[in-house]
Amino acid sequence: MIRPEVIEKLDCPSVGLATSWTIVQRGFRNVPLNNLEAARTFFDRKYWPFPKRKIAQSNSKAAGLREQGNAAYKKDPNDPGKALELYNQSICMAQDGSKDLGLGYANRSAVYFNCKQYRECLQNIALARCHNYPAEMMPKLLQREARCKQLLMMEVDDGESETAGTTGHCAIKSCLELCQDGKGICTNRSLDVGEKVLVEKPFVLVLEAEFAYERCDYCGESNAHNLLPCRDCTAVMYCSEECREQSLQRYHQFECEIVDDLQLLFRGPKATRMFHVILRLFWHAVLLFLEDTEGFLRRIETPAELEKYRDPFTLEPSDYVLHLNATCVETYADAAPETGKCVAQIMAILMYVIAVEENTSLWPRLEGKQGKTKLLDLLYRLIQHMGRLVNEDVEHVTCFFPFASLLQCSDSPNAEQLLQNLQSVVVLKCPIAEGEKITIVKKIHNTVNLTGYQIIQHNTVDVDEIGNGLGDRSFPNTARIP
């Protein structure tokens, strides 16, 4: 097996470890392929060469990053993006209650003022005042605030209002439904060419690391770099209090402590972030398990209960993971190559060890609970299906679109999936008859091959102008997306 010091230097250490471990263990013929729990006992944490770590907040580092931001802005005031990114890093690094946090917001407000983004400027002035901005420097900040308000009052009202955001993540043509065989989406009436039948925002996404201080970790929006930090780690930011709270509820309560460990675990080409998307789907199952352990186990094991979750069109978003549990069955048959199955097992075990067993914000809540081994089994099955579930073609992020992931692929597709502005839009390329499946082309893209790590060149798709609007179908917690 590859030595730990070599694993440490790999571009993609987790898949490299899983693959090399599999090859060696298969040589000894002692890999328990039919028992995931037994396979766990064969895997030793010492094989993963990275110790647990968490980058601590530091006011001295925050001050240094702030000075770098000042220098970047002086160098190129007409392109403030780099300065704002450095100020954001400074804000994340500053300790809560320190003056460095207030100074970071104040510096950001100055950039927004000079860019004539007066609303953003006022927001950051308010944040600076709430976070111990030095009293001796306050007159200058108040002067900027007064000037901002004056300039805002002078702005001419053009009669247009800002578009309100939506909390729904998808809008679906009212005639679409799950096919009778449970595979794919069909229509219960005829549809015309050019109709837009499905629009989705990601239900779960993972940002590329280089955009951590430029975009919201929850929704992926940039918000002109006007972001709020996590209060307890230095790695993620949000475009609003709502996104910060949603992130905390859905996944960051588990990831905050191990955010730096996860960056190492999922280090590598963009396709490696598919595993992180799977982990964020897995957190939804953990939440349901912690909320009602007996009820969760009943819903994922009882045939009658499983049947209730096979049709996602009838479910609340919080139950999507139960749909995945019901439909993501074991894919490796006895005749399948053992290597792929073993690599999937080791990736599931490695993720479970790092993200669950070594996670002090989670493991104490799971210890002693009956049935928690079912969580590892679900994680393993999600990994097996991640090529179908996860989309890595969206710019800046890797993500999961619940309904688009159901679409069947065809060599002669009748629809096209367009990816634009952090959305998936499905548009018909030709008329579709009642009862016909909606199909899209199978894209060639970067992917993780579980018999080894493989990169395949990505073929891009032109985004054409799309046509008609959606019907009036309403789904739980979904909304029309313009």
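Which strands does helix 11 (residues 273-291) lie across? Helix 11 lies across strand 5, strand 8 and strand 9, and runs at about 140° to strand 5. Keep in mind that this is a predicted model. The chain has a mean pLDDT of 87, with 86% of its residues at 70 or more. Here's a quick tour of two sheets, a helix pair and the stretches to treat with care.

**The sheet under helix 11**

- Strands 5, 9 and 8 make an open sheet of 3 strands, in the order 5-9-8, and they pair antiparallel.
- At the edges sit strand 5 (204-207) and strand 8 (390-391), each of which pairs on one side only.
- Strand 5 and strand 9 (residues 397-400) run antiparallel and are joined by 4 bridges.
- If you want a landmark for that pairing, look at Val-206, whose bridge partner in strand 9 is Thr-398.

**The four-stranded sheet**

- There is also an open sheet of 4 strands, ordered 1-4-12-11, and its pairing is antiparallel.
- Strand 1 (170-172) and strand 11 (415-420) are the edge strands here; each has a single partner strand, so one side of each has no neighbour in the sheet.
- On average, neighbouring strands of this sheet are turned by 15° against each other, ignoring direction.
- Inside the sheet, strand 4 (residues 196-200) and strand 12 (residues 423-428) pair in the antiparallel sense, with 4 bridges between them.
- Glu-200 is a handy marker for this pairing: its bridge partner in strand 12 is Ser-424.

**Helix 6 against helix 8**

- Helix 6 (residues 99-114) and helix 8 (residues 138-154) cross at roughly 35°, and their axes come within 11 Å.
- The crossing of these two helices is left-handed.
- From helix 6, the residues in play are Ala-106, Ser-109, Ala-110 and Phe-113, which meet Leu-141, Arg-144, Arg-147, Cys-148 and Leu-151 of helix 8.
- Sorted by class, this contact of helix 6 with helix 8 has 6 nonpolar, 1 polar and 2 charged residues.

**Where to go easy**

- Residues 156-167 have pLDDT below 50, and beyond near neighbours in sequence this stretch has 4 contacts in the model.
- Over residues 451-482 pLDDT also stays under 50, though the model has 88 contacts for this stretch beyond four places in sequence.
- Where pLDDT is low, predicted coordinates shouldn't be read in detail.

Methods: Residues are numbered from 1 along each chain as its sequence is written. This is a predicted model: local features need pLDDT of at least 70, side-chain atom pairs count only at pLDDT 80 or more; totals for chains, interfaces and linings use all residues. Side-chain values use heavy atoms; hydrogens and water are left out. Axes are lines fitted to C-alpha atoms, for helices over the stretch in contact, and angles run from 0 to 180 degrees between N-to-C directions. A crossing is left-handed if the near helix is turned anticlockwise from the far one by less than a right angle, and right-handed if clockwise. Contact means heavy atoms within 4.5 Å. Ala, Val, Leu, Ile, Met, Phe, Trp, Tyr, Cys and Pro count as nonpolar, Asp, Glu, Lys and Arg as charged, and the others, Gly among them, as polar. Two strands pair if DSSP finds at least two bridges between them. pLDDT is the predictor's confidence in each residue, from 0 to 100.
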